[in-house]
Amino acid sequence: MVPVDERAIRAAVDVLECSGLVAMPTETVYGLAGNADDEKAVKKIFEAKNRPTTHPLIVHITGEEALDHWAKDIPQSAYVLARRFWPGPLTMILKKADRVGDWVTGGQDSVGLRCPSHPWAVALIKAFAGKHHRGIAAPSANTFGRISPTCAQHVRDDLGEKPKGKVDLILDGGDCDVGVESTIINLSGERPEILRHGAITRHMLEEALGCSIPDGGKNSPRASGTLKSHYAPVTKVILVDDISQGLKDYVGHKIAVMAPAEKLSATPSNVLKWFAADEDAAAYMHSLYSRLHDLDKAGAEFILIERPTTGDRWDAVQDRLSRAAA
Ligand code: TXA
Ligand code: MG
């Protein structure tokens with residue numbers, strides 16, 4: 001873990017004060033941060049990412065004490081989850097407080113709130129929030145539809161730093177621990193539902209709230225991560241049940257591969273790059289995006305990935321893989 005650089009944090013606060021954009025490390029992925037109350041700053045976020053303005057942004061806050069500055073009609077379940085999982089990789093969708101700008105909510109009457117745990121994010125959000133619970137709007141710091149960044153170099157390669165790039169300041173807080181975006185739970189409707197899977201699993205949420213929590217349906221609030229094709233490398237990704245068969249099927253093509261180590265002992269010469277898949281869900285999640293970035297750079301025609309096992313802890317991995325391949 002890279003120790004927090006207090007001078008860099010102060011410089012980042014100055015950028016945010018002037019409607020600028022900061023790449024902020026969080027425990028999930030790097031975020032593209034701007035002042036959530038500043039329409040001009042939020043517009044810049046959408047422009048930099050090339051993201052449709054109807055897709056709402058998550059506002060990053062210091063914790064439970066800031067909830068009622070950003071949300072209203074807050075159900076008890078939100079406090080239960082905040083106490084259990086914040087700071088951490090959970091985003092809650094709540095009814096927005098009247099003062100919250102349309103620019104962050106994509107015109108919806110709900111707002112996404114998250115309190116991250118990464119020390120750099122904690123330092124920046126605290127320094128910026130001040131007494132007034134100001135919040136930082138931050139989508140993942142990648143071009144819309146591309147793979148989310150899990151280290152500062154990914155942000156430099158994609159959005160880039162000014163003057164050549166689009167971000168005023170990229171904070172380098174090292175690799176992200178979790179590696180995929182936060183779990184999103186919608187608490188703005190009649191009953192809780194999961195809008196995006198992440199490291200906080202359905203089982204953990206159900207245990208905390210004592211009820212079953214289904215996935216959101218087609219009437220749920222919009223979430224861009226719920227587009228079928230998302231988080232996608234440029235190279236076409238193909239998911240296969242058995243890599244041995246996959247290698248036979250793609251014998252005449254340049255490929256890049258991620259599959260269990262024991263199946264890759266004899267690697268054919270058309271395999272330009274390969275990674276041994278982690279057996280543990282958290283480890284797989286942690287390295288998934290950086291591996292997709294690397295496989296994407298291998299110059300292959302196809303990326304072949306053997307589908308990992310299923311189960312609660314694998315929901316987020318399964319979800320991101322199927323979107324990468326869509
Ligand atoms: O882990 C994360 O959540 C990262 C880090 C930077 O915090 N952020 C992130 O942001 O993944 P983004 O914008 O790439 O994904 C946020 C998702 C989008 O799918 C967005 O549509 C959804 O959250 N979202 C935000 N506000 C919402 C709302 N009011 N209703 C429904 N979905 C919302
Ligand atoms: Mg994103």
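## The β4–β8 pairing and the nine-stranded sheet

In this predicted model, strands β4 and β8, the latter spanning residues 183-186, run parallel and are joined by four bridges. Within this pairing, Met 92 stands opposite Ile 185 of β8. Helix α8 packs on the sheet here, where it touches β4, β8 and β9, and the direction of α8 makes about 40° with that of β8.

The two strands belong to an open sheet of nine strands with mixed pairing, whose order is β7-β1-β2-β6-β3-β5-β4-β8-β9. The edges are occupied by β7 (169-170) and β9 (193-196), each of which has a single partner strand, so that one side of each is left without a neighbour in the sheet.

## The largest nonpolar core

The largest nonpolar core contains 48 residues, and of these Leu 81, Met 92 and Leu 113 touch the most other members. At least two residues of this core are supplied by each of the helices α2 (39-49), α3 (67-70), α4 (76-85), α7 (152-158) and α8 (202-209), and likewise by each of the strands β4 (90-95) and β5 (110-114). Helix α4 provides the largest share, which amounts to five residues.

Met 92, already introduced as the residue opposite Ile 185, has contacts that can be listed individually. When residues up to four places away in sequence are not counted, Met 92 touches Ala 78, Leu 81, Ala 82, Trp 86, Val 111, Gly 112, Leu 113, Ile 185 and Leu 187. A second, separate core consists of 26 residues, among them Met 258, Tyr 289, Ile 303 and Ile 305.

## The four-stranded parallel sheet

Another open sheet is formed by four strands in the order β10-β13-β11-β12, and the pairing in this sheet is parallel. Its edge strands are β10 (236-240) and β12 (271-276), each of which pairs on one side only, and the twist averages 20° from one strand to the next. Helix α11 (residues 315-325) packs on this sheet by touching β10 and β13, with a direction that makes about 130° with that of β10.

Strand β13 (residues 302-306) pairs in the parallel sense with β11 (residues 255-259) over four bridges, and one of the residue pairs places Ala 256 with its bridge partner Ile 303 in β13. Strand β13 also runs parallel to β10, to which five bridges join it; in that pairing, the bridge partner of Lys 236 is Phe 302 of β13. Although β10 is an edge strand, it is mostly covered, since four of its five residues are buried.

## Helices α10 and α11

The axes of α10 (residues 281-296) and α11 come within 10 Å of one another and cross at roughly 25°. Because that angle falls under 35 degrees, α10 counts as roughly parallel to α11. The crossing of the two helices is left-handed.

On the α10 side, the residues that meet α11 are Ala 281, Tyr 284, Met 285, Leu 288, Tyr 289 and Leu 292, and their counterparts in α11 are Ala 316, Val 317, Arg 320, Leu 321 and Ala 324. Tyr 289 is thus found in this helix contact, and it is also included in the second core.

## Helix α6 and its surroundings

Helix α6 (residues 119-129) has buried residues at Trp 120, Ala 121, Ala 123, Leu 124, Ile 125, Phe 128 and Ala 129. The buried residues of this helix pack against α1, β1 (22-24), β2 (31-35), β3 (58-60) and β6 (136-137). After α6 comes Gly 130, which has a positive phi near 55°.

## Pro 3 and Leu 195

Pro 3 is found in the segment that precedes α1 (6-17). With a relative accessibility of 64%, Pro 3 counts as exposed, because the exposed class begins over 50%. Pro 3 and Ala 129 are 126 residues apart in sequence, and 21 Å apart in space from C-alpha to C-alpha.

Leu 195 lies in strand β9, one of the edge strands of the nine-stranded sheet. Its relative accessibility of 11% makes Leu 195 count as buried, because burial is assigned under 20%. Between the C-alpha atoms of Leu 195 and Cys 151 there is a separation of 25 Å, with the two residues 44 apart along the chain.

Methods. Residues are numbered from 1 along each chain as its sequence is written. Chains are lettered from A and ligands numbered from 1 in the order in which they are written. This is a predicted model: local features need pLDDT of at least 70, side-chain atom pairs count only at pLDDT 80 or more; totals for chains, interfaces and linings use all residues. Side-chain values use heavy atoms; hydrogens and water are left out. Two strands pair if DSSP finds at least two bridges between them. Axes are lines fitted to C-alpha atoms, for helices over the stretch in contact, and angles run from 0 to 180 degrees between N-to-C directions. Contact means heavy atoms within 4.5 Å. A nonpolar core is a set of buried Ala, Val, Leu, Ile, Met, Phe, Trp, Tyr and Cys residues joined through side-chain atoms within 4.5 Å. Buried means under 20% relative accessible area, exposed over 50%, partly exposed in between (1.4 Å probe, protein chains only). Angles under 35 degrees count as roughly parallel, over 145 as roughly antiparallel, 65 to 115 as roughly perpendicular and the rest as oblique. A crossing is left-handed if the near helix is turned anticlockwise from the far one by less than a right angle, and right-handed if clockwise.
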